[in-house]
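User: Please take a close look at one part of this structure, and then explain how the rest may be read from there. I am a first-year student, so a connected account would be welcome.

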Amino acid sequence: MKVTKAIFCVDDSFYKEYWPLQAKMCKKILNWDPVLFYLCDEDSDFFQDSHGTVKKVKKNSVHSIGIQSCLVRYWSTLFFPTDVCVIGDIDMFMFSPEYFIDKIKEISEEDFVVLSHDAYNTSSENWKSWGLPYHLDKMFATCYMMGKGRVFSKIMETPTKFEDFLEQISAKYNYENLPWFIDEFYISDCVQNKDHGIKIHYLGDRVLPNGKVDRRIEKWHLPEVTYDVHQMNLDRIRDGCYQTDLLKDGYYIDFHAPRPYYRDWE
């Protein structure tokens with residue numbers, strides 16, 4: 001398997017500021033075509049801006065923009081039926097060829113890869129406290145699902161209209177009980193509980209017993225940023241800052257960037 005398209009989404013918020021650097025890193029480090037789906041007041045064909053491939057998607061007036069921003073990335077894979085796509089977060093920077101290229105190169109392009117299958121502990125008391133009416137053995141993180149667009153479509157039974165995709169999901173789940181992680185819940189449910197016939201590869205295993213993600217630069221690992229959130233400042237004191245020599249040596253896999261965007265760490 002070899003990824004060719006990296007899928008991202010933004011709306012009219014500060015998240016748009018990540019696009020130039022995200023696109024640059026995808027192309028320069030991983031040789032991927034970065035694709036941005038921009039939720040706004042109109043639809044468009046695909047076009048090229050100065051950074052990568054962009055398509056405008058008309059936002060829905062019924063569902064929250066947050067839910068739409070999460071779900072449009074999965075729906076968008078139907079435009080690339082024969083390309084292997086990776087689902088990314090616009091503020092999560094990927095820069096490890098060893099992890100994102102070498103790790104999957106022996107896998108068939110007709111299969112599906114879940115690179116963050118261990119992100120949630122569904123047996124934990126915290127999970128139970130959410131009171132969700134559905135059971136999952138595992139819930140995967142959106143970063144980083146990989147597969148051809150037609151494989152995504154087969155697993156999710158993706159309709160051609162984004163509005164229909166939203167309605168398909170809202171008819172099955174109660175959005176009030178699944179706020180910000182509806183995308184992760186939906187794809188996890190489809191992968192595990194649909195008779196899709198796709199071979200699934202569960203890779204990653206990066207979540208450590210203490211809950212930290214191995215080989216990730218977290219936002220509080222930056223020495224330049226001072227947070228209003230007291231816990232993040234405590235986390236920096238506890239964990240320290242990232243090591244420049246380790247970054248140059250290829251130790252780190254990804255970087256969860258501060259929000260909003262800070263140009264002083266570019």
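Analyst: E157 lies in the loop between helix 5 (149-156) and helix 6 (162-170). The model is predicted, and every value below is computed from it. The phi angle of E157 is near 55 degrees, a positive value in a residue other than glycine. E157 counts as exposed because its relative accessible area is 52%, and the cut-off for exposed is over 50%.

A positive phi also occurs at N31, with a value of about 60 degrees, although N31 is not a glycine. N31 is found in the loop between helix 1 and strand 2. With a relative accessible area of 60%, N31 is exposed. A further backbone feature is the cis peptide bond that joins C143 and Y144, where omega is about 10 degrees. Y144 belongs to the loop between helix 4 (125-129) and strand 8 (145-148).

From the loops, the account turns to the interior. In soluble globular proteins, nonpolar side chains tend to be buried together. The largest nonpolar core here has 41 residues, and those with the most contacts inside it are W32, F100 and M146. Two or more residues are given to this core by each of strand 1 (5-10), helix 1 (19-30), strand 2 (33-40), strand 5 (84-87), strand 6 (92-94) and helix 3. Helix 1 supplies the largest share, 6 residues. Not counting residues up to four places away in sequence, M146 touches M1, V3, C85, V86, F100, I104, D111, F112, V113, L115 and F152. Apart from the largest core lies another, of 38 residues, among them W75, F112, Y186 and V191.

Y186 and V191 lead to helix 7, as they are among its buried residues. The complete set of buried residues in helix 7 is I182, D183, E184, F185, Y186, I187, S188, D189, C190 and V191. Because 10 of its 12 residues are buried, helix 7 is largely enclosed by the rest of the structure. The length of helix 7 can be checked as well. At 1.5 Å a residue, the 12 residues of helix 7 (residues 182-193) should span 16 Å, and the end C-alpha atoms are 16 Å apart, so the two values agree. The expected span is 1.5 Å times one less than the number of residues, so the last residue adds no further step.

W75 leads in turn to the aromatic rings. The structure holds 18 aromatic pairs. In one of them, F37 and F46 are arranged edge-to-face, with 5.8 Å from centre to centre and 85 degrees between the planes. The pair counts as edge-to-face because the planes are over 60 degrees apart. F37 has 0% relative accessibility and therefore counts as buried, whereas F46, at 34%, counts as partly exposed. Ring pairs link F37 and F46 with W75, F79, F80 and F162 into a cluster.

Other rings have an arginine over the face. R206 lies over the face of Y99, at 5.4 Å from the ring centre. Y99 itself lies in helix 3 (residues 97-100) and counts as buried because its relative accessibility is 3%. Not counting residues up to four places away in sequence, Y99 touches L115, G204, R206 and I253. The side chain of Y99 reaches the backbone oxygen of L115 at 3.3 Å. Y99 and G204 are 105 residues apart along the chain, and their C-alpha atoms are separated by 8.8 Å.

R215 lies over the face of Y251, at 5.5 Å from the ring centre. R215 is found in the loop between strand 9 (200-202) and strand 10 (216-217). The side chain of R215 also reaches the backbone oxygen of Y251, at 2.6 Å, and makes a polar contact with the side chain of E98 at 2.8 Å. Beyond residues up to four places away in sequence, R215 touches E98, R206, G250, Y251, Y252, I253 and D254. R206 thus links the two descriptions: R206 is touched by R215 and lies over the face of Y99. I253 does likewise, being touched by R215 and by Y99.

Definitions and conventions:
Residues are numbered from 1 along each chain as its sequence is written. This is a predicted model: local features need pLDDT of at least 70, side-chain atom pairs count only at pLDDT 80 or more; totals for chains, interfaces and linings use all residues. Side-chain values use heavy atoms; hydrogens and water are left out. Rings of Phe, Tyr and Trp (its six-membered ring) pair if their centres lie within 6.5 Å; planes under 30 degrees apart count as stacked, over 60 as edge-to-face and the rest as tilted. Buried means under 20% relative accessible area, exposed over 50%, partly exposed in between (1.4 Å probe, protein chains only). A charge sits over a ring if NZ of Lys or CZ of Arg is within 6 Å of the ring centre and within 35 degrees of the ring normal. Helices (H or I, at least four residues) and strands (E, at least two) are DSSP runs, numbered from the N terminus. A polar contact is a pair of N or O atoms within 3.5 Å; within protein, one must be able to donate a hydrogen and the other to accept it, and residues adjacent in sequence count only if both atoms are side-chain atoms. Contact means heavy atoms within 4.5 Å. A nonpolar core is a set of buried Ala, Val, Leu, Ile, Met, Phe, Trp, Tyr and Cys residues joined through side-chain atoms within 4.5 Å.
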